[in-house]
Amino acid sequence: MPLLIHIIFIVPLVFIAYYACRLRCFRNMMWKYPGFFSFGLMSHKGPSERLKNELKYTFTLIGKGSDKEAKSRTVKITGSDPAYKTTAAAALFSAVTILLERSKTPKGGVLMPECVFHDTDIVERLKSNGIHYEIVDSETSVDSTGKIVNS
């Protein structure tokens, strides 16, 4: 929340809506008129194509080794439309990578994604779909605002 006034107004409204949803009549009203109760942010139609195309995201991931002398690595991932396009692309290209590169994936039961996709080219497949990966620096950190700071 960028401003304190947002917190002052939005947090109580969320609590009111949460407890009001326990009443069947209020739930039915919210379902019939989502635009009214969300101040125009929600609708049964979903987001417009223009809004989905303009939506961008950035994740900054920091991986650190378990030893004191182990290196850390910061990766910045950017893309568009995380709810529709990116989710579908990640699921699709994960399945395609497993099917096409089965010989590179370890055999076993339940595996973590970093183990399954370690020596595969899933990153290149995702890059071709507009999901960009950038290794920022091997010795970086992120401040409380989410900005990358060199250490």
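Is Arg50 buried or exposed? In this predicted model, Arg50 is exposed, because its relative accessible area is 56%, a value above the 50% over which a residue is called exposed. Arg50 is one partner of a salt bridge, the other being Glu54, and the closest N and O atoms of the two are 3.2 Å apart. Both residues belong to helix α4, which spans residues 49-54, and they are four residues apart, or about one turn of the helix. Glu54 is partly exposed, with a relative accessible area of 48%.

**Overall layout**

The protein has seven helices and five strands, and from the N terminus on its elements follow the order α-α-α-α-β-β-α-α-α-β-β-β. Of its 151 residues, 18% count as buried.

**The N-terminal segment**

An unreviewed UniProt entry carries the annotation "transmembrane region" for residues 6-23. In the model, the chain over residues 6-23 is 83% helix and 0% strand, and the C-alpha atoms at the two ends of this stretch are 26 Å apart. A nonpolar surface patch of about 1,200 Å² is also found here, made by Leu3, Leu4, Ile5, Ile7, Ile8, Phe9, Ile10, Val11, Val14, Phe15, Tyr18 and Tyr19. One of these patch residues, Tyr18, is found in helix α1, which covers residues 4-20. Tyr18 counts as partly exposed because its relative accessibility is 46%, which lies between the 20% and 50% limits for that class.

**Salt bridges**

A search of the whole structure finds four salt bridges. Three of them, including the Arg50 pair described above, are set out here with the separation of their closest N and O atoms.

| Salt bridge | Closest N and O atoms |
|---|---|
| Glu54 and Arg50 | 3.2 Å |
| Lys104 and Glu101 | 3.5 Å |
| Glu101 and Arg125 | 2.8 Å |

Glu101 takes part in a salt bridge with Arg125, in which the closest N and O atoms are 2.8 Å apart. This pair links distant parts of the chain, since Glu101 lies in the loop between α5 (82-100) and α6 (113-116), whereas Arg125 lies in helix α7 (residues 122-127), 24 residues away. Both Glu101 and Arg125 are buried. Through salt bridges that share partners, Glu101, Lys104, Asp121 and Arg125 are joined into one network. For Glu101 the relative accessible area is 8%, so this residue is classed as buried, the cut-off being under 20%. Its partner Lys104 is partly exposed, with a relative accessible area of 45%.

**The three-stranded sheet**

Strands β1, β2 and β3 form an open sheet in the order β1-β2-β3, and their pairing is antiparallel. Because β1 (56-64) and β3 (132-137) stand at the edges and each has a single partner strand, one side of each is left without a neighbour in the sheet. Neighbouring strands of this sheet are turned by 25 degrees against each other on average, with direction ignored.

Nine bridges join β1 to the antiparallel strand β2, which spans residues 72-80. Among the residues paired across these two strands, Tyr57 has Gly79 in β2 as its bridge partner, and Ile62 stands opposite Thr74, also in β2. Phe59 has its place in strand β1, and its C-alpha atom is separated by 5.7 Å from that of Lys76, although the two residues are 17 residues apart along the chain. With a relative accessible area of 46%, Phe59 is partly exposed.

On the other side of β2, five bridges join this strand to β3, and the two run antiparallel. Thr74 has Asp137 in β3 as its bridge partner, so that, given its place opposite Ile62, Thr74 is paired in both directions.**A buried loop residue**

Asp81 lies in the loop between β2 and α5. Which sign does phi have in Asp81? The angle is positive, near 50 degrees, in a residue other than glycine. Most residues other than glycine have a negative phi. Asp81 counts as buried because its relative accessibility is 8%.

Terms used: Residues are numbered from 1 along each chain as its sequence is written. This is a predicted model: local features need pLDDT of at least 70, side-chain atom pairs count only at pLDDT 80 or more; totals for chains, interfaces and linings use all residues. Side-chain values use heavy atoms; hydrogens and water are left out. UniProt positions are given in the numbering used here, feature names are shortened, and annotations may be inferred rather than shown by experiment. Patches are made of residues with over 30% relative accessible area and no salt bridge: like charges are joined within 9 Å, nonpolar side chains (Val, Leu, Ile, Met, Phe, Trp, Tyr) within 5 Å. Accessible areas come from the Shrake-Rupley method with a 1.4 Å probe; for residues, only the protein chains shown count as cover. A salt bridge is a side-chain nitrogen of Lys or Arg within 4 Å of a carboxyl oxygen of Asp or Glu. Buried means under 20% relative accessible area, exposed over 50%, partly exposed in between (1.4 Å probe, protein chains only). Two strands pair if DSSP finds at least two bridges between them. Axes are lines fitted to C-alpha atoms, for helices over the stretch in contact, and angles run from 0 to 180 degrees between N-to-C directions.
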